[in-house]
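Please find below some comments on the model, set out as numbered points. They begin with the confidence and overall form of one chain, then turn to the interface, the core and two individual residues.

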Amino acid sequence: MTITHIPHPDLPPPLTSVGVAGWLRRNLFSTPLNTLLTLGAFYLLYRLLPPMVNWALLDADWSGTGREACSGDGACWVFVRMRFIHFMVGFYPEGEVWRPVAAFGMAGLLLLYLLINDLPHKGRVAGFTLLVFPCIAFFLFYGGLFGLPVVETHQWGGLMLTLILSTVGMLFALPLGTLLALGRRSSMSVARALSVVFIELWRGVPLITVLFMSSVLLPLFMPEGIRLDKLLRALIGISLFQSAYMAEVIRSGLQAVPKGQYEAADALGLSYWKAMLLIILPQAFKTVIPGIVNTFIELFKDTTLVLIIGLFDLLATVQGSFTDSKWLGFTAEGYIFAGLIYWLFCFSMSRYSHHLEKKLHTGY
Amino acid sequence: MEGRGHSVCSAYALRVMSRSEAITRWWNQAGNRALLFQVLLMLSVVLFFFLIGATALSNLEKQGITSGFSFLSQKAGFGIIQTLVSYNESSTYGRTFLVGLLNTILISVLGIICATALGFLIGIARLSSNWLIAKLSAIYIEIFRNLPLLLQVFFWYFAVLRSLPLPRNSLQLGDWFFLNIRGIYIPRPLPEQGFVLLGIIFLMSIAGICALKIWARKYQEKTGTELPLLPASLAIFIIPSAITWFTTGQPLYWEVSSLQGLNFKGGLIVIPELAALLLALTVYTSSLIAEIVRSGILSVNHAQTEAARALGLPQRKILRLVVIPQAMRVMIPQMTSQYLNLVKNSSLATAIGYPDLVSVFAGTSLNQTGQAIEIIAMTMAVYLTINLTISWLMNRYNARVLLQEQ
């Protein structure tokens, strides 16, 4: 007679270790210290969150056209709503606002095309975006062609100026930074020394002093009769400053390219520039794209400093609108609105850079 | 005749050929090309600086500004709201420079200490096993590192500190701390007679603790026994100082601020500009440091922790002896660049009127004297020097903790 061993069915796990109760126990109340921390955090949230939600959403005033529409209990979003166009484009003439809208709409479409995977002719579209589109955008912003009235640069402002400063700074910093990075790794001692001095000098000083320099010293260095526009001076300063940071990012990419690639390019008899352009730089750029996006985020945040030399970017237009005697006392609303816009741009870019990092990490 | 002419011609052609050939041969040597290129590069840089220098000189002459550093001994004639050394309106521009420099150093040092402490706290909380704490830290990090620093400075200054009540209705914490639109008032320590003795005793006990530590380490290396260092150090730290404190009759007096008329008198005042800048720098930089701390701790191989546990080390020793030293190696270069950024970012003081170097020297003094080249060069040189010093110190520290590879 054979004995068959039939095990009892497994007992279910104790109720305290599964489901909601188990999750709470594991994640919130695992030790006495954790319990204390959890309770403290809950108390803090209870004291902070409801008043904030009440102020920003429930008690807030949304509709109306003047300051009388705001009761004063909550946030006064009417202020932001009435000033919205001013925050977006600064003192750009009202009848011409369609021009920046068209330019940024076009930029958005081009970017969307470049970001979606597996679309044809990406190289051509990228070339168009980098080389032709900036000219189109400039003529849309500035005017003077095809009967568009001229809008001087001192009327440009708001988010539009923030975006112009950061993208133009980036466009110039990329090639200049690449040259500097190549110079720093070059075997020619003069080129190397000049690149090192240039990079370390700009990286060692704050952007404010660079902006002061470009606004105060550049006119001194110009021969008489040549007057540089204030925006152009800021752009020169930002581009030089940014190219030093860009150079270090690109240099890290150059260092990551295996030595065999350099030797193989030499063995094929390629000249220095051909080896760099065809073999080394494409591989280096691929590894540093996330780093480039990160420096772009830094630049985007740093463009706020131009308000110190008297340009009206997003933060400066918001700051300037606080002095309007009709709308005194809405500083918190203004900063929160500006902060939200900056945050959305920076956060989405940093997520994108994170995503790229994962996608490009093919592992050698 | 004809033949001679031909031979002259061909000899000439030969000479020309050989010259062009020589040039080609010279050109084909990579070293020569590099030399030529570098000479041209050097010449163009020199020419560039010569041209802008000459233009600048002639422009300055037209504006009637004499270049040079003689303006530093002229009277500045403006007041500064916070000075660490004595300064008044009849002080010189040189003195202004010193005041600004000290204020910059003050905000940088305070900022580095606060941001490091808060950053470590949040970085560790980000890795906590407590879900709520980890998520809250993640939210903190994502909010503050994605907002421009200048916006944060403005927010703390204009939206928070400028909307505080007047001195009459100050917010207060106990009877010692007061908060109003003029600033934060804290008690000021005033040393009295006998304080020097206390200081000497204090320093001596610290030296004693160091000596004890060295001796204990030698003892442990010889015998393998670990001595209970903590109670002994605490005893050395507290007992002599406490005895001196009471025998000399408590030689430190805390001067508390009090409302007299419309304003507070006495005590130490932290001006709102300093408070706002410090808050913004701390919050912004700590969110970046927290990420560095997190990535540093995560970079330590899990096998290291397991090996330490297998050796029977208790949890806090695993952290102190195994995880943190290895995490530091990853963190130090990144921390260095954050510290450097903080020093540079302290120049945002200009925007709210905290009297730092850029604000009082590259701002007010430049506007008054017009000595743009000298002032901007001096300001940049200061930041360069501070940056190079910090990175030199951190590099030395980094070299000490670097992995010693065979």
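1. Helices, of at least four residues, and strands, of at least two, are taken here as DSSP runs and numbered from the N terminus. On that basis the secondary structure of chain B comes to 13 helices and 8 strands. The whole complex is a predicted model, for which the predictor gives an ipTM of 0.87 and a pTM of 0.84. Chain B has an average pLDDT of 83, and 95% of the residues in that chain score at least 70.

2. As to overall form, the radius of gyration of chain B is 32 Å, whereas a compact globule of 406 residues would have one near 22 Å. Taken along the principal axes, the C-alpha atoms of chain B fill a box of roughly 120 × 70 × 45 Å. Of the 406 residues of this chain, 26% count as buried. Among the contacts in chain B with a separation of 6 or more, 68% are accounted for by residues 24 or more positions apart.

3. The domain assignment divides chain B into domain 1, made of 93-163 + 273-401, and domain 2, which covers 197-249. The C-alpha centres of these two domains of chain B lie 32 Å apart.

4. How many residues of each chain are in contact across the interface? On one side there are 40 residues of chain A, and these are in contact with 44 residues of chain B. Several helices of chain A each supply at least two residues of the side that touches chain B, namely helix 2 (32-58), helix 8 (189-204), helix 9 (207-221), helix 13 (314-321) and helix 14 (331-360). Helix 14 of chain A gives the most to that side, with 10 residues. Sorted by class, the side of chain A that touches chain B has 28 nonpolar, 11 polar and 1 charged residues.

5. The largest nonpolar core has 129 residues, and those that touch the most other members are Leu211(A), Leu150(B), Leu151(B), Val153(B), Leu277(B) and Ala280(B). Helix 8 of chain B, residues 272-298, gives the most to this core, with 13 residues. As general background, nonpolar side chains tend to be buried together in soluble globular proteins. Val153(B) may serve as an example from the core: leaving aside neighbours within four places in sequence, Val153(B) is in contact with Ala276(B), Leu277(B), Ala280(B), Leu348(B), Ala351(B) and Ile352(B).

6. Why does Ser286(B) count as buried? This residue, placed in helix 8 of chain B, counts as buried because 27 C-beta neighbours lie inside 10 Å, where the cut-off for burial is 20 or more. Not counting residues up to four places away in sequence, Ser286(B) touches Ala115(B), Leu118(B), Gly119(B) and Ile122(B). Ser286(B) and Tyr140(B) are 146 residues apart in sequence, yet the C-alpha to C-alpha distance between the two is 9.8 Å.

7. In chain A, Phe241(A) has its place in helix 10, residues 230-256, and counts as buried because it has 24 C-beta neighbours inside 10 Å. With residues up to four places away in sequence not counted, Phe241(A) touches Trp202(A), Leu207(A) and Val210(A). Phe241(A) and Thr4(A) are separated by 237 residues in sequence and by 81 Å in space, C-alpha to C-alpha.

Key. Residues numbered from 1 in each chain as written. Chains lettered and ligands numbered in written order. Predicted model: local features only at pLDDT ≥ 70, side-chain atom pairs only at ≥ 80, totals over all residues. Contact = placed C-beta atoms within 7 Å. Nonpolar A, V, L, I, M, F, W, Y, C, P; charged D, E, K, R; others polar. Domains from an automatic or database assignment. Core = buried A, V, L, I, M, F, W, Y, C linked by C-beta atoms within 7 Å. Buried ≥ 20, exposed ≤ 12 C-beta atoms within 10 Å, placed from the backbone. pLDDT = per-residue confidence, 0-100. Rg over C-alpha atoms; globule rule 2.2 N^0.38 Å.
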